[in-house]
Amino acid sequence: MPESSNAIRFDRVGVALGGEPIYRDLSIDVREGEFLCLLGPSGCGKSTALRMIADLLEPQAGTVEVLGRRPEEAWDQVAFVFQAPRLAPWRDALRNVTLAMELRFDGMSVAAMNERARELLTLVGLARDAHKYPRQLSGGERQRVAIARALAVEPRIVLMDEPFSALDPNTRRRMREEIVDIWRQTGKTIVFVTHDVDEAVTLADRVVLLSRKPTTVVETITIEAVRPRDVQTERGLVAVRERLHALFDALEEAG
Ligand SMILES: Nc1ncnc2c1ncn2[C@@H]1O[C@H](COP(=O)(O)OP(=O)(O)OP(=O)(O)O)[C@@H](O)[C@H]1O
Ligand SMILES: [Mg+2]
């Protein structure tokens with residue numbers, strides 16, 4: 001298949017799990033280098049979409065393409081950041097980051113791995129915490145390690161599944177700013193799952209709002225406002241935010 005300018009393409013995807021239809025003709029495109037937020041009510045299949053991109057689940061109808069290929073041919077271009085950081089407790093921050101490289105890059109020298117891991121920890125603001133163990137790190141710091149670990153395998157696409165939802169509001173706000181900086185510095189394609197309207201409006205180039213099951217796209221909204229964004233006060237964002245809140249609340253109420 002030829003390389004397309006889309007990083008990810010869902011074309012009329014259908015999936016049923018446990019006999020229950022989850023998607024009906026779900027079509028989504030994610031452009032290369034884009035920050036795309038998938039927004040939708042609980043259970044609509046946001047995590048399922050990420051699993052399909054990462055080749056952990058196959059569609060029963062339609063096609064999923066990743067970098068112009070089948071997901072099974074592109075898995076090494078994809079990395080995950082989950083809601084919980086899932087770090088190895090017996091390894092310090094640096095060695096949690098190198099773990100990903102050990103598993104992925106056969107023959108990479110320890111010195112090269114350490115150097116790269118240090119660069120990534122610096123990128124996520126943990127230059128001085130490389131030798132702390134997960135239990136010695138705050139929730140936000142642990143999630144930063146998980147982001148560094150995801151970047152360590154040099155993916156072109158980073159999938160983030162509600163990565164900040166377990167953090168306190170101030171940390172969450174800071175992490176949102178930081179992930180935008182990281183995205184800018186690295187040029188990755190990011191697919192970021194959330195059920196927080198304000199988070200989506202703060203972060204995304206485009207927000208794809210999903211319906212309840214069987215899931216289709218309700219609306220795709222492009223947000224051009226410069227970052228960092230303040231969704232509470234910026235005039236250009238107020239209308240977008242209100243519209244998404246109204247659509248989203250209607251979906252939640254329908255459940
Ligand atoms: N292995 C499975 N067997 C049966 N049903 C499943 C399975 N995995 C997921 N589902 C169902 O598929 C639907 C989509 O699940 P998914 O985890 O993708 O939702 P989500 O949008 O990520 O929800 P949340 O916002 O709560 O994380 C849910 O209704 C879930 O119950
Ligand atoms: Mg989920």
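Helices here are DSSP runs of H or I with at least four residues, and strands are E runs of at least two. Keep in mind that this is a predicted model.

**Exercise 1. Count the helices and strands, then check the overall dimensions of the chain.**

Step 1: Going by those runs, you should get eight helices and nine strands.

Step 2: Now try the globule rule, 2.2 Å times the number of residues to the power 0.38. For 255 residues it puts the radius of gyration of a compact globule near 18 Å, and the chain has 18 Å, so the two agree.

Step 3: Lay a box along the principal axes, and the C-alpha atoms fill roughly 50 × 45 × 35 Å.

Step 4: Look at contacts between residues at least 6 apart in sequence: 70% of them join residues at least 24 apart. As for burial, 39% of the 255 residues make the cut.

**Exercise 2. Work out how α5 sits in the fold.**

Step 1: Check the length. α5 has 14 residues, and its first and last C-alpha atoms are 20 Å apart, close to the 20 Å expected at 1.5 Å a residue.

Step 2: Test burial, which takes 20 or more other C-beta atoms within 10 Å. The residues of α5 that pass are R142, Q143, R144, V145, A146, I147, A148, R149, A150, L151 and A152. That's eleven of the 14, so α5 is largely enclosed by the rest of the structure.

Step 3: Find the neighbours. The buried residues of α5 pack against two strands, β5 (78-81) and β6 (157-161), plus the helices α3 (93-104), α4 (110-123) and α6 (169-186).

Step 4: Peek just past the end of α5, where E154 has a positive phi of about 55 degrees.

**Exercise 3. Find the best-connected members of the largest nonpolar core.**

Step 1: This core holds 74 residues, and those touching the most other members are L36, L39, I53, V97, V191 and V207. Helix α5 (residues 139-152) is the top contributor, with seven residues.

Step 2: Zoom in on V207. Skip anything up to four places away in sequence, and V207 touches C37, L39, A200, V201, I221, I223 and L244.

**Exercise 4. Describe the shell around ligand 1.**

Step 1: List the residues: L17, G18, I22, G40, S42, G43, C44, G45, K46, S47, T48 and H195.

Step 2: Sort them by class, with Gly counted as polar. You end up with eight polar, three nonpolar and one charged.

Step 3: Ask which element supplies the largest share of the shell. Helix α1 (residues 46-53) does, with three residues.

Definitions and conventions:
Residues numbered from 1 in each chain as written. Chains lettered and ligands numbered in written order. Predicted model: local features only at pLDDT ≥ 70, side-chain atom pairs only at ≥ 80, totals over all residues. Core = buried A, V, L, I, M, F, W, Y, C linked by C-beta atoms within 7 Å. Buried ≥ 20, exposed ≤ 12 C-beta atoms within 10 Å, placed from the backbone. Contact = placed C-beta atoms within 7 Å. Near = placed C-beta within 6 Å. Expected span 1.5 Å × (residues − 1).
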